[in-house]
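Here are some short exercises to help you find your way around a new structure. Try each task yourself, then read the worked solution.

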Amino acid sequence: MPEPARVIPFARPVIGDAEKNVALEVLNGHVLVHGPRIHDFEHAFADWTNAPGAVALSSCTAGLHLAYFGRGLGAGDEVIVPAMTHVATAHAVELVGATPVFVDAEAATGNIDIDQIEAAITPRTKALSVVHYLGMPVDMDRINAIAQKHGLFVVEDCALAIGSFFKGVHAGLHGDIGLFSFYPVKHMTTLEGGMAISKHADVLTRMTRERAFGVDRTHRERAIAGQYDVTCLGFNYRMNELQAAVGIEQVKRLDSFLTARKANYDTIAAGLRDVPGIALLQSTHGDFVSSYYCQSIVLEGALAAKRFEFVEALNKAGIGTSIYYPRPVPEFGYYRQKYGCSDGRFPGAARIAHQSIALPVGPHLQPGDAEYIAAAVRETASQLTPS
Ligand SMILES: Cc1ncc(COP(=O)(O)O)c(C=O)c1O
């Protein structure tokens, strides 16, 4: 088989000398956890997002879990969860013993269909979660209006939303808590890692306690080593110094990462305009600014049934792809078995799950890669479309 003209992974973390040097500094030192870098990273991330505060965590999933745990949710409580998301959004609800109540995705963006939320609310509903799908912000004014009317806690899953703004305010600061992911394919990485931001100081303080066993003061806050009390239950959901050191360097590069993402996204979008059988999800407009996580194409008409042939052709051309996400969450085995969801129950989410292909736009792309991706998609669409 001939070598492809280019090799473009779907995602690749961009790690430079600065990240490597600080990682070595940490390893050469003696402070691997509970050090100053966590604090500095939290400040850097809070500054970048313009948040009043931030709490570093071991992952976004840990933060989602803590959001419900800290709120005291448990058996008998219900949480609204988008059907089109990563399982982590729903697992966090399950982990506290509460019940996720799924709501379908809207066609234009893949975000939760806000028109369908109120029908899913019952007297047991305690929280409402949203995911800014592929970085396209949800209309948080409408979400907050519903939450206020029904007294719900609003959790923003911002795993794909570093650089997403609604009405000029960063994602995560509209609801009661926002959780971010630094997993390697994300906008920036700390290897694994997560961050919480919130407009409520008390929510962040509680999270700081619960991420570390429920102890009532951090190492920084202790005048004498070993002097602390444990005032609530908690986990070990801490981030370590090495992760934080890398994160500090990555935050410095966020603006350039996001500029590259947008440029690549726009180039691919321009190259795919008016390709029969290919629809693009809605991106930045007006008050809604996307973080450009990836370029997701939705195959329609005769192409819809040929997704895997399409993926294979792109992979042969050296283009890495992904699928966000392969099933509506309630159709994954665990949820299907527990809640008995039938196929077709979430048509908006199913369309994206079964007909979309995620294309790379990250800062790892080289000059000409975005044009190459668009050309390969056009070519594949025309080859797979029956004449
Ligand atoms: C929407 C969403 N939420 C949560 C997560 C979980 O993030 P983490 O791996 O940092 O726990 C992911 C991971 O990809 C995600 O896409």
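**Exercise 1.** Find which residues A108 touches, leaving out those up to four places away in sequence, and decide whether A108 is buried or exposed.

*Solution.* Keep in mind that you are looking at a predicted model.
- Start with the place: A108 sits in the loop between β3 (99-103) and α5.
- Next, look for contacts: A108 touches L281 and Q282, not counting residues up to four places away in sequence.
- Then compare sequence and space: A108 and S296 are 188 residues apart in sequence, yet their C-alpha atoms are 12 Å apart.
- Last, count neighbours: a residue is exposed if 12 or fewer other C-beta atoms lie within 10 Å of its own. A108 has 12 C-beta neighbours inside 10 Å, so A108 counts as exposed.

**Exercise 2.** Work out where I121 lies and how it is classed by its C-beta neighbours.

*Solution.*
- Locate the residue: I121 belongs to the loop between α5 (117-120) and β4 (125-131).
- Count again: I121 counts as partly exposed because it has 18 C-beta neighbours inside 10 Å.
- Check the contacts: I80 and H150 are touched by I121, not counting residues up to four places away in sequence.
- Add a distance: I121 and R261 are 140 residues apart along the chain, with 37 Å between their C-alpha atoms.

**Exercise 3.** Describe how β4 and β5 pair, and explain why β5 is largely enclosed.

*Solution.*
- Begin with the pairing: β4 and β5 run in the parallel sense and share five bridges.
- Pick out a facing pair: S129 stands opposite V155 in β5.
- Finish with burial: β5 (residues 153-157) has four buried residues out of five, so the strand is largely enclosed by the rest of the structure.

**Exercise 4.** Follow α3 from its burial to the ligand and to the nonpolar core.

*Solution.*
- Take burial first: eleven of the eleven residues of α3 are buried, and the helix is mostly covered. Among these buried residues are C60, T61 and Y68.
- Step just past the helix: G72, just after α3, takes a positive phi of about 80°.
- Turn to the ligand: 14 residues surround it, and the closest are C60, T61, H86, A159 and S181. α3 (60-70) and α4 (87-95) each supply at least two residues of this shell. The shell has six nonpolar, seven polar and one charged residues.
- Now the core: the largest nonpolar core has 112 residues, and Y68, V79, M195, A196 and I373 have the most contacts inside it. Helix α8 (residues 241-271) gives the most to this core, with nine residues.
- Zoom in on Y68: not counting residues up to four places away in sequence, Y68 touches L73, V79, A92, V93, V96, A98 and A127.

**Exercise 5.** State how the protein is divided into domains and how many residues are in contact between them.

*Solution.*
- Set the bounds: domain 1 covers 17-250 and domain 2 covers 254-384.
- Find the separation: taken over C-alpha atoms, the domain centres are 25 Å apart.
- Count the contacts: 31 residues of domain 1 are in contact with 28 residues of domain 2.
- Look at the domain 1 side: α4 and β6 (165-166) each supply at least two residues there. By class, this side has 18 nonpolar, nine polar and four charged residues.

Conventions. Residues are numbered from 1 along each chain as its sequence is written. This is a predicted model: local features need pLDDT of at least 70, side-chain atom pairs count only at pLDDT 80 or more; totals for chains, interfaces and linings use all residues. A residue is near a molecule or strand if its C-beta atom, placed from the backbone, lies within 6 Å of it. Ala, Val, Leu, Ile, Met, Phe, Trp, Tyr, Cys and Pro count as nonpolar, Asp, Glu, Lys and Arg as charged, and the others, Gly among them, as polar. A residue is buried if 20 or more other C-beta atoms lie within 10 Å of its own, exposed if 12 or fewer, and partly exposed in between; C-beta atoms are placed from the backbone. Two residues are in contact if their C-beta atoms, placed from the backbone, lie within 7 Å. Domain bounds come from an automatic or database domain assignment. A nonpolar core is a set of buried Ala, Val, Leu, Ile, Met, Phe, Trp, Tyr and Cys residues joined through C-beta atoms within 7 Å. Two strands pair if DSSP finds at least two bridges between them.
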